[in-house]
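Got your viewer open? Load the model and follow along, one selection at a time.

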Amino acid sequence: TSTSTSTSTSTNRYPKIAPTTTSLNAIIHMLVITGDPLDLQQAHALVHSMLQQSQNIPKSNHNSNSDSKLPLNLKPNVVTFNLLIHGYARSGNAKAAEEILTWMHTLHEQGHIPITSRPDLSTYNVVLHAYAKAAANAYSDNTTTNTTSHHRHHHDAHIHAIHAERLFNKMESITQNSKQTHDHDHDGQWNYDLTPDKMSYTALISAHAKSGNAKRAHTIFNSMLSSLRENNCPDHVTLSALVDAYAKSRDTNAVQHCWNIIHLMENLAGIDHYHPNRTDHNNTPHSQPLQSHPQSHPLDIHVGPSTITFNSLIQA
């Protein structure tokens, strides 16, 4: 009797507290950052469980004063999925990361998650970085002296870069389709704007850099400069990735290209420190300069060269 009274008192004394999407997101975050594949599997299973719970809960009666158990509103949101994608990206599993992105689109189209939970710019950027990391991992495995293995790893890095560019193009296509169909919200903004930003361009440049395709990385960089906006100004990470592309390429003028990139970084950042003699590098002729912008550009770009930049130059 005493135990029953104590339980009853405790139940009446405290409000009903149930887990929420936010609290479960915190658990998922803890699981995906450990780097343990088993923890990542648990995080994935938890997201599936949240979806199942959210589809089975009854509609709550907010006017009811009954003591029935409150429904658990555990519908995963865009943060939930982005955390899971981040976990796969950290593990270098770009394919699994993109599968989650595709799953999000499918769930939205089937009405299982709201429009606010469909993939956003951050979702796509995480998957882009997953492909860049996968290309980097393939490159790091490319140090073997075995010719067959060498070509296979180089091919793998190239495939990851192609997937990254496919995803990048998809972002632009979705945004363009949204504009053409006049799909906008009540504020007049395009309802589904996935216009690539600095993170998107940097990830794509990095993916091509790891595959040794400096020419393509350079073309993407020039495209970035031709469409400068507040959220896609290149920084030292972007330009260091471009220097890295030439360092990993077989371009006979790679060193000169790297110095030209560093010179551009100095101009954009307003730095006047490093000015090597451009004719002293094995008498390499002056290569085609990078597309540049006035130092007084209104976007106030700060992209001075970093230690990583010069380390890549030394590697070249």
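Is F168 buried or exposed? Select F168 and check: with a relative accessibility of 6%, F168 counts as buried, since the cut-off for that label is under 20%. Keep in mind throughout that this is a predicted model.

**Zoom out**

Color by secondary structure next. You should find 12 helices and zero strands, so expect α after α as you move on from the N terminus. The chain has 316 residues, and 41% of them count as buried. Of the contacts with a separation of 6 or more, 70% are between residues 24 or more positions apart. Switch on the surface if you like: the accessible area of the chain comes to about 17500 Å², and carbon and sulfur atoms own 52% of that.

**The aromatic pairs**

Now show the aromatic side chains. A search of the whole structure turns up two aromatic pairs.

Start with F81 and W103, which meet edge-to-face, with 5.5 Å centre to centre and 90° between the planes. F81 belongs to helix α4 (residues 78-90) and W103 to helix α5 (residues 94-109), so this pair ties together parts that are 22 residues apart in sequence. Check the exposure of each partner: F81 is buried, with a relative accessible area of 0%, and W103 also counts as buried, at 18% relative accessibility.

Then go back to F168 and add Y201 to the selection. These two form an edge-to-face pair as well, at 5.1 Å centre to centre and 70° between the planes. Here the link is between distant parts of the chain: F168 sits in helix α7 (residues 147-180), Y201 in helix α8 (residues 198-210), and they are 33 residues apart. Y201 is buried, with a relative accessible area of 5%.

**A charge over a ring**

Select R118 and Y192. Turn the view until you look at the ring of Y192, and you will see R118 over its face, at 3.7 Å from the ring centre.

**Last stop: a loop aspartate**

Where in the chain is D235? Select D235 and you land in the loop between α9 (214-226) and α10 (236-247). Despite the loop position, D235 is buried, with a relative accessible area of 16%.

Show the neighbors of D235 to see what the side chain is doing. One polar contact, at 3.4 Å, goes to the side chain of K198. Look at V237 too: the backbone nitrogen of V237 lies 3.0 Å from a polar atom of the D235 side chain.

Notes:
Residues numbered from 1 in each chain as written. Predicted model: local features only at pLDDT ≥ 70, side-chain atom pairs only at ≥ 80, totals over all residues. Heavy atoms only, no water. Helix = DSSP H or I, 4+ residues; strand = E, 2+ residues; numbered from the N terminus. Buried < 20%, exposed > 50% of the residue type's maximum accessible area, 1.4 Å probe, protein only. Polar contact = N/O pair within 3.5 Å; in protein donor to acceptor, adjacent residues only side chain to side chain. Contact = heavy atoms within 4.5 Å. Areas by Shrake-Rupley, 256 points an atom, 1.4 Å probe, with all protein chains shown as cover. Phe/Tyr/Trp six-rings, centres within 6.5 Å; stacked < 30°, edge-to-face > 60°. Lys NZ or Arg CZ within 6 Å of the ring centre and 35° of its normal.
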